[in-house]
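This briefing covers salt bridges, the main pocket and a surface patch of one protein model. The points below are grouped by topic.

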Amino acid sequence: MTAMRHCMRQDPDIIMCGEIRDRATVEMIVQAAITGHLVMSTLHTNDAICVIPRLLDIGLERFLVASSLIGAIAQRLVRKICPDCKEEYTASSAEVAWLHHAGVEEVPAKLWRGTGCEACKNTGHRGRVCAFEILTIDEQLQRMLAEGTDLREIKRTAAGKMRPMRYDAAQKVLAGETTAAEAMRVLAFTPEYR
């Protein structure tokens with residue numbers, strides 16, 4: 001809190017706050033945001049849409065969420081295919097079904113995987129890449145928040161404005177950056193938007 005106050009006295013354009021954990025922190029961050037600063041922070045949620053109810057649970061008023069939140073990004077790390085032992089293989093029916101479910105219309109017959117080599121210590125993976133979803137708070141969502149619209153309706157509306165994390169992961173599978181099995185494993189418990 002004291003560090004944030006000192007930071008605000010320097011009149012920065014952008015402020016990075018490590019993590020939002022309590023009401024006092026979120027109130028200070030919101031004050032900075034509504035006075036014209038771009039504030040970035042982390043908040044533990046399952047997806048980008050859950051930022052809204054999480055801020056409300058911490059104790060922030062709806063109108064403050066509506067006037068200060070401009071976007072949320074959620075990410076999960078997936079292991080990258082090792083470039084030294086990368087090979088094509090025929091996709092299984094479960095992988096094809098998952099890719100269709102993730103929003104891919106035409107799934108190629110062949111996908112990529114690592115076979116395991118000395119460079120990746122026989123894991124088939126080396127390094128990681130992020131699968132993202134980005135929620136932008138537009139005027140409609142701001143209005144819904146400020147007017148007290150039911151959170152389920154806000155979530156449904158927000159989900160229609162963004163592509164889920166599964167879609168981004170599926171694109172990384174098609175590009176040969178990660179395997180379908182890895183994407184399915186990491187994103188098995190991400191929420192369904194319906």
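Aspartate 168 and lysine 172 are both buried, and their side chains form a salt bridge with an N to O distance of 3.0 Å. The two residues sit 4 apart in helix α8 (residues 165–174), about one turn of the helix. The model is predicted, and the values that follow are computed from it.

**Salt bridges**

- The structure contains 10 salt bridges.
- Side chains of opposite charge can pair when their charged atoms come close.
- One of these bridges joins arginine 79 to glutamate 182, with 2.9 Å between the closest N and O atoms. The partners come from distant parts of the chain, 103 residues apart: arginine 79 belongs to strand β3 and glutamate 182 to helix α9 (residues 180–186).
- Glutamate 182 counts as buried because its relative accessibility is 2%, under the 20% limit. Arginine 79 has 30% relative accessibility, between the 20% and 50% limits, and therefore counts as partly exposed.
- Arg79 and Glu182 are also linked with Arg185 in a network of salt bridges.
- Arginine 152 and aspartate 150 form another salt bridge through their side chains, at 3.1 Å from N to O.
- Arginine 152 is exposed because its relative accessible area is 57%, over the 50% limit. Aspartate 150, with a relative accessible area of 40%, lies between the two limits and so is partly exposed.

**Largest pocket**

- The volume of the largest pocket is about 960 Å³.
- Its lining consists of 35 residues. Those that lie nearest the centre of the largest pocket are Met40, Ser41, Leu69, Gly71 and Ala72.
- By class, 22 of the lining residues are nonpolar, 10 are polar and 3 are charged.
- Helices α2 (23–34), α3 (51–58) and α4 (62–68) each supply at least two residues of the lining of the largest pocket. Strands β2 (38–41), β3 (71–81) and β6 (125–136) likewise each supply at least two.
- Strand β3 gives the most to the lining of the largest pocket, with 6 residues. Arginine 79, described above for its salt bridge with glutamate 182, is in strand β3 too.

**Nonpolar surface patch**

- Ile14, Met16, Leu38, Met40 and Ile70 make up a nonpolar surface patch of about 500 Å².
- Strands β1 (14–17) and β2 are the elements that give two or more residues to the nonpolar patch.
- Leucine 38 is located in strand β2. Its relative accessibility of 38% lies between the 20% and 50% limits, so leucine 38 counts as partly exposed.
- Met40 appears in two settings: it belongs to the nonpolar patch, and it is among the residues nearest the centre of the largest pocket.
- Strand β2 likewise serves both, with two or more residues in the nonpolar patch and at least two in the lining of the largest pocket.

**Valine 96 and glutamate 106**

- Valine 96 lies in helix α5 (residues 93–101).
- With a relative accessible area of 25%, between the 20% and 50% limits, valine 96 is therefore partly exposed.
- Glutamate 106 is 10 residues from valine 96 along the chain, and the C-alpha atoms of the two are 9.3 Å apart.

Definitions and conventions. Residues are numbered from 1 along each chain as its sequence is written. This is a predicted model: local features need pLDDT of at least 70, side-chain atom pairs count only at pLDDT 80 or more; totals for chains, interfaces and linings use all residues. Side-chain values use heavy atoms; hydrogens and water are left out. On a 1 Å grid over the protein atoms alone, a cavity is a set of points where a 1.4 Å probe fits but cannot get out, and a pocket is an open set with protein on both sides within 12 Å along at least five of seven lines; lining residues have an atom within 4 Å of a point. Grid points are joined across faces, edges and corners, and a volume is the space filled by probe spheres set on the points. Ala, Val, Leu, Ile, Met, Phe, Trp, Tyr, Cys and Pro count as nonpolar, Asp, Glu, Lys and Arg as charged, and the others, Gly among them, as polar. Patches are made of residues with over 30% relative accessible area and no salt bridge: like charges are joined within 9 Å, nonpolar side chains (Val, Leu, Ile, Met, Phe, Trp, Tyr) within 5 Å. Accessible areas come from the Shrake-Rupley method with a 1.4 Å probe; for residues, only the protein chains shown count as cover. A salt bridge is a side-chain nitrogen of Lys or Arg within 4 Å of a carboxyl oxygen of Asp or Glu. Buried means under 20% relative accessible area, exposed over 50%, partly exposed in between (1.4 Å probe, protein chains only).
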